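Here are a few exercises to try with the model open in your viewer. Have a go at each task before you read its solution.

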Amino acid sequence: MKPLKIQRQYVAAQNHFDKKEYHDVLGILNKLLDVHKDPRHYALLGATLLKLKMKTEAAQAFQIAGEMESPHKLKYTREAMRLHFSNNDDINVLRLGARILKEAIADPDMAVLMSGALMRQELEGAEAFRNTLARSDEPTHRQLAARSIRLQDRSDEENKCILEIFEKDPEDRIVRNFYLSAMRDALDYDIIRKYEPIQFEEIAKGEFEAIADEVSLFNLRWCDDEKTNAIAGSRMGERKPKNAASKRHNMPHRWGSKLRIGYLSADLWTEHAVMKALRGILESHDKSRFDVTLFCNAPAERLRNDNNAIREEWGRVVRIRGMTDDEAAEAIKAENIDILVDLQGHTAENRVFVMNRQTAPVHATWLGYPGTVVNVDIDYLIADKTVVPESSFQHYYEKVCWMPETFFPNEAVHRPMPQPIDRALCDMPQDAFIFSCFHSHWKFTPATIDLWVRVLKETPESYLFLICRERFGARKNLIKAFAEAGIPENRLMFGDRVNNYAAYINRIGLTDLGLDTYPYNGHTTTSEKLWAGLPMLTHKGKNFASRVSESLLNALGLPEMVADDRDDFVRRAVHYYNNREELAEVRKRLEANRFTHPLFDAERYCRHLETAYTMMAEKAKAKIKPDHFSVPALPPREGPFSFRKS
């Protein structure tokens, strides 16, 4: 075909496109591309396929156009990246961007695509595009720049970036929410008290746009409204495929003589808080009835430096670190798993979206995330009647599997027994009454501080021992908040994290009464206080995260340590301060209950969990739609489950 005729045909194809005669366009382009592969022809093909709702094919056409020399090469590549991104094809987005990295870093539109793809795949590198996005005049670009910062590990430069993004547009609700998360981590109560009422006012009005764009875990840190918790993060990450559960339930599956359980997590190393709870369960599984596979996303350095167990004794280990979600899903399917259990929800390093890829007949979530998991195809949430009562079901995407005693496992084998040590070793006054909280400092919300202040004012000779990092002025801000409320700095005692676990347990036991945080209770730290023999006081909550300590205390036979409300919390704390002999009796009973009550009985918990798995599997085999159910309790033990001694 001669050049002039080619040009005429191309113009004709454009005219058909303008008239929305898309099939005529395809007819002409098919002939043209047989004789002349021009980038303009591929670009028009891409535009036509897009009109016909063939986004994957359109992306491929624009990609070919962008790979050919033309004045519009960058434009075509950008469009290919945009379409690949909307198709959740992050690998092709990153491959194309890598070829034009210099341009992608400088161009805000491409920087959005690259950083978004990296973040969705939990890959490093989004920081390379952050400055371009932060300086952009487009609000969505600045929002993504803020989101690309991992708050827990942020540098001084990244912290400064958050402040600058917020200062550029303080009316941007999405940026404001992220900024507030940073300020909560820094315990900047002046900022929190200024903007948090605005958040609650928006929630009361039903304005959830910013909440839907907030990291789900960050929302749990300050908000105890279950409806809001279920909305948080709903516009982040990928979406659950339509009819995902019904399609998965109807897939053919080969069941075996044993139930094949898969645990999905990045936290499968012994020094992680979740593993301190889970290890006893993994070691107690009945290998004659259950095959266990760990799908491990843990960083290699964690396994080298922070693991002291032979993990293969827990089950088969399949490493999925570095895999795409599709590749990880295929690795799970290759093991023919019957029940896949996510242990993280929306926490750091999670791979929970793998579950949107039809990996097993039954999907469950448990332990690592105290709430419902938005946008993920999950059948069951393993909980208990305290943390998720029936009245809460309406706010959960999953059906609830009620464990009979507590949802939270613990074990008594690997924890060091607390040893008596002298307070002088930790610079604590010998005869003083010391309240304490060993939780992460981001749990020290204004509501928590107000409660502690009330307790300290009514117990004038007491002290409060806390763990609080110096980073970003957190400890300074905390001291300032207490001082402004009338509590001088000399009544506060601070300690740093202790790497030696035995020393950490011993230090807990030096204090007199543990005080909980709200709305995010202690989980592992509450367990550790109770293991150390420290009486722990909490009050009833309104959502999962604020009811955890109540669940743990009930499982240890100490329901009197659960106050009815905030006023009752203060009353009980003051009562124990004034009646120390009564508190000593509580401590004595606590120490005895550690080896007779369910909280630290890993073998008992595991039998209940295995019953839960069996009930889930029987429903799946019978093609019964998942629904809420309760696991029956074993008969109470007649004696101690362990005879460990100090």
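**Exercise 1. Backbone oddities**

Asn 88 lies in the loop between α5 (73-86) and α6 (90-99); helices here are DSSP runs of H or I with at least four residues, strands are E runs of at least two, and both are numbered from the N terminus. Before going on, note that this is a predicted model, where local features need pLDDT of at least 70, side-chain atom pairs count only at pLDDT 80 or more, and totals for chains, interfaces and linings use all residues. Residues are numbered from 1 along each chain as its sequence is written, and side-chain values use heavy atoms, with hydrogens and water left out.

Task: find the sign of phi at Asn 88, then do the same for Asn 375.

Solution.
- Step 1: Asn 88 isn't a glycine, yet its phi is positive, about 65°.
- Step 2: Asn 375 also has a positive phi, near 70°, and this residue sits in the loop between β5 (362-365) and β6 (380-384).
- Step 3: check accessibility. Asn 88 comes out partly exposed at 41%, while Asn 375 is buried with 13% relative accessible area. The cut-offs are under 20% for buried, over 50% for exposed and partly exposed in between, using a 1.4 Å probe and protein chains only.
- Step 4: one more for the list is the peptide bond from Tyr 518 to Pro 519, which is cis with omega near 10°. Pro 519 belongs to the loop between β11 (513-515) and α24.

**Exercise 2. Reading the sheet**

Task: in what order do the 6 strands of the open sheet run?

Solution.
- Step 1: walk across the sheet and you get β10-β9-β8-β11-β12-β13, with parallel pairing. Two strands pair if DSSP finds at least two bridges between them.
- Step 2: the edges are β10 (492-495) and β13 (562-563), each pairing on one side only.
- Step 3: look at the β8 and β9 pair, which is parallel and joined by 4 bridges. Ser 436 stands opposite Phe 465 in β9. Strand β9 (residues 463-467) has 4 of its 5 residues buried, so the rest of the structure largely encloses it.
- Step 4: β12 (residues 536-539) pairs with β13 in the parallel sense over 2 bridges, and Thr 538 has Val 562 of β13 as its bridge partner.

**Exercise 3. A residue on the covering helix**

Task: which residues does Thr 525 touch, not counting those up to four places away in sequence?

Solution.
- Step 1: place Thr 525 in helix α24 (residues 524-531). This helix lies across β8 (434-437), β11 and β12, at about 140° to β12.
- Step 2: Thr 525 touches Phe 438, His 439 and Tyr 504, where contact means heavy atoms within 4.5 Å.
- Step 3: Thr 525 is buried, at 12% relative accessible area.
- Step 4: the C-alpha atoms of Thr 525 and Ala 273 are 8.5 Å apart, although the two residues are separated by 252 residues along the chain.

**Exercise 4. A helix pair**

Task: what angle do helices α2 and α3 make where they pack?

Solution.
- Step 1: α2 (residues 22-35) and α3 (residues 39-51) pack at about 150°, with axes 10 Å apart. Axes are lines fitted to C-alpha atoms, for helices over the stretch in contact, and angles run from 0 to 180 degrees between N-to-C directions.
- Step 2: the two helices are therefore roughly antiparallel, the class for angles over 145 degrees; under 35 is roughly parallel, 65 to 115 roughly perpendicular and the rest oblique.
- Step 3: the contact includes Leu 29 of α2 and Leu 45 of α3.
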